[in-house]
Amino acid sequence: GKKPHKCSMCDYSSARKYQVKNHIDAVHKGKKPSKCPICDYRCTTKASLKIHIDAVHEGKKPHKCSICDYNCSTKGSLKIHIDAVHDGKKPHKCSICDYNCSTMGRLKIHIDAVHEGKKPHKCSICDYSCTTKGNLKNHIDAVHEGKKPHKCSVCKYSCAKKADLTNHIDAIHEGNKQHKCSICNQIFALKQNLKRHIDAVH
C-alpha cells in the first residue's frame, strides 16, 4: 500500500499521519509516556502497551509463521520476520559499516552498541552489560538462574536460547560448517549468526 506520510529525520514512512508522529516521538525524541504496570517497559501508545502485556506477561502470540515455528504478537512483527528470515530483506543499512537489518529499531541497537559502545542494560548481580532488555533477561536466566529450557532431542545438551539449540544441532549433529567467535569461543552454524553475535555482544 501507499505510504505518503514520511519522517523528516529518516526514511520511515506510513499510510497514517499519526503513526509518523508516534515514530518521531519514540525514535527521535525518546518520548514513551505509556508505562507497563507489571515491569519497567515503556512505549509511545496504549495500543503498543496492550501488545506488550499480551505478549510478554500473558504469553499471547497469535500470529504464526507458515514456514517455521516462529510466532509473535502482531501482524507487523510476523511480516518483519518473514521479510528478514525467509525472504532475506534487510533494507536498513548502517552508514558506518556494511551491517544491514530488517528494522530501524535493530539498526539503532547496532549503532548504539557497536559504534557508540552503549550497553545501557546492566546486570544487578555481576558486571555484565548489554544492548537490550531481552539479552539481559537471557543472561540472568542462563547464568544466574541456570534456566536452560531448550533441550536437544539427540544428546543431553540444553541451553537458554532457542537460537543456540538450532546452532548446536546444525553444528554438532548435522555437521554443518562451524563459525567460532574469536573473543568468547562460542560456536555458530551460520556465519551471519556469528556476525550478529559479535555486533550485539562484543
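Let's start with disulfides: this structure holds zero of them. Take C68, which is in no disulfide; its nearest cysteine sulfur belongs to C65 and lies 3.9 Å away. As for exposure, C68 counts as partly exposed, at 30% relative accessibility. And please keep in mind, everyone, that this is a predicted model.

Now over to C152. Why is there no bond from this cysteine to C155? Well, the sulfur of C155 is the closest cysteine sulfur to that of C152, but at 3.9 Å it is too far for a bond, because a disulfide needs the two sulfur atoms within 2.5 Å. C152 itself is buried, with a relative accessible area of 8%.

Those two cysteines bring us to a histidine. Which residues does H168 touch, once we leave aside its neighbours within four places in sequence? The answer is C152, C155, Y157 and H173. So if you have the model open, find helix α6, residues 162–173, and you'll see H168 sitting in it. Is H168 buried or exposed? Buried, with a relative accessible area of 10%; the cut-off for that word is under 20%, so H168 qualifies.

Last stop, helix α7, which runs over residues 191–201. Here the buried residues to look for are N193, L194, H197 and D199. And what covers them? Helix α6, the one we just visited, is part of the cover, and so are α4 (104–115) and the strands β13 (179–180) and β14 (187–188).

One general reminder for when you look down a helix: with 3.6 residues a turn, residues three or four places apart point the same way.

Thanks, and I'm happy to go back to any of these spots on the screen.

Key:
Residues numbered from 1 in each chain as written. Predicted model: local features only at pLDDT ≥ 70, side-chain atom pairs only at ≥ 80, totals over all residues. Heavy atoms only, no water. Helix = DSSP H or I, 4+ residues; strand = E, 2+ residues; numbered from the N terminus. Buried < 20%, exposed > 50% of the residue type's maximum accessible area, 1.4 Å probe, protein only. Contact = heavy atoms within 4.5 Å.
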